[in-house]
Amino acid sequence: MAAASVVRAAGRRSRRLFDIFVAEIPWTVSSKELKEYFSQFGSVQRCQLPFDRDTGFHRRYCWIKFSAPEEVQNVLQKDSHILEGSKLTLKQQIRRRRSQRKST
């Protein structure tokens, strides 16, 4: 059980390295399609789309990492993002310095 909590904590830390959180992703959209879509705004370094082990489906949200801050602004300037008829919800990830983080 302790190993699982260590893995979850490491996952939370790694998500802080991403630029944008994307929600309301249609079930039929793949990680590759998300990466292709967001590539129109800049160079996508990584797209993390977590899957549910029990159902085998993705969880309808992901994190996107871009190469440069300007590319993040390109994404956020667009009014709406629609994939397969569904409007995506985007939220910019806030990067905090170590001194601003809560100690655990």
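**Stop 1: β1 and β5.** Select β1 (20-23) and β5 (86-92) in this predicted model. These two strands pair in the antiparallel sense, over four bridges. To see one of the bridges, show A23 and look across to its partner in β5, T89.

**Stop 2: the β4-β5 hairpin.** Keep β5 on screen and add β4 (81-83). β4 and β5 are also antiparallel, paired over three bridges. Pick H81, and you will find L88 as its bridge partner in β5. Now look at the turn: two residues sit between the strands of this hairpin, and E84 in the turn has a positive phi of about 50 degrees.

**Stop 3: β3 and its two partners.** Next, colour β3 (61-66). Is this strand mostly covered or mostly open? Five of the six residues of β3 are buried, so it is mostly covered by the cut-off used here, under 20% relative accessible area. β1 runs antiparallel to β3, and four bridges join them. Select F21 and you will see W63 of β3 standing opposite. β2 (44-48) pairs with β3 as well, in the antiparallel sense and over four bridges. Here the pair to show is R46, with K65 of β3 opposite. While you are looking at strands, remember that in a regular strand the side chains alternate between the two faces of the sheet.

**Stop 4: the loop around D52.** Follow the chain from β2 towards β3 and stop at D52, which is found in the loop between them. Is D52 buried, exposed or partly exposed? D52 is partly exposed, with a relative accessible area of 23%. Show F57 and R59 too: leaving aside neighbours within four places in sequence, D52 is in contact with these two residues. Then select T55, whose backbone nitrogen lies 3.2 Å from a polar atom of the D52 side chain.

**Stop 5: the two sides of α3.** Move on to helix α3, residues 69-77, and select its buried residues: E71, V72 and V75. Why do they line one face of the helix? Looking down the axis of α3, you will see that its buried residues fall within an arc of 105 degrees, so they line one face. A general rule helps here: an α-helix has 3.6 residues a turn, so residues three or four places apart point the same way. Now turn the helix around. The face turned away from the buried side carries the exposed residues P69, E70 and Q77. To find what the buried residues of α3 pack against, show β1, α2 (31-38), β3, β4 and β5.

**Stop 6: the core.** In soluble globular proteins, nonpolar side chains tend to be buried together. The largest nonpolar core here has 18 residues, and those touching the most other members are V22, I25, L34, F38, C62, I64 and F66. The elements giving two or more residues to this core are β1, α2, β2, β3 and α3. Zoom in on V22: beyond its neighbours within four places in sequence, its contacts include F38, C62, I64 and L90.

**Last stop: the whole chain.** Zoom out to see three helices and five strands. Trace them along the sequence and you will read α-β-α-β-β-α-β-β. Of the 104 residues, 32% count as buried. Among contacts between residues at least 6 apart in sequence, 66% join residues at least 24 apart. Finally, switch on the surface: the accessible surface comes to about 7,500 Å², with 50% of it belonging to carbon and sulfur atoms.

How values were computed: Residues numbered from 1 in each chain as written. Predicted model: local features only at pLDDT ≥ 70, side-chain atom pairs only at ≥ 80, totals over all residues. Heavy atoms only, no water. Buried < 20%, exposed > 50% of the residue type's maximum accessible area, 1.4 Å probe, protein only. Contact = heavy atoms within 4.5 Å. Polar contact = N/O pair within 3.5 Å; in protein donor to acceptor, adjacent residues only side chain to side chain. Arc of directions from axis to C-beta. Areas by Shrake-Rupley, 256 points an atom, 1.4 Å probe, with all protein chains shown as cover. Core = buried A, V, L, I, M, F, W, Y, C linked by side-chain atoms within 4.5 Å. Pairing = 2+ DSSP bridges.
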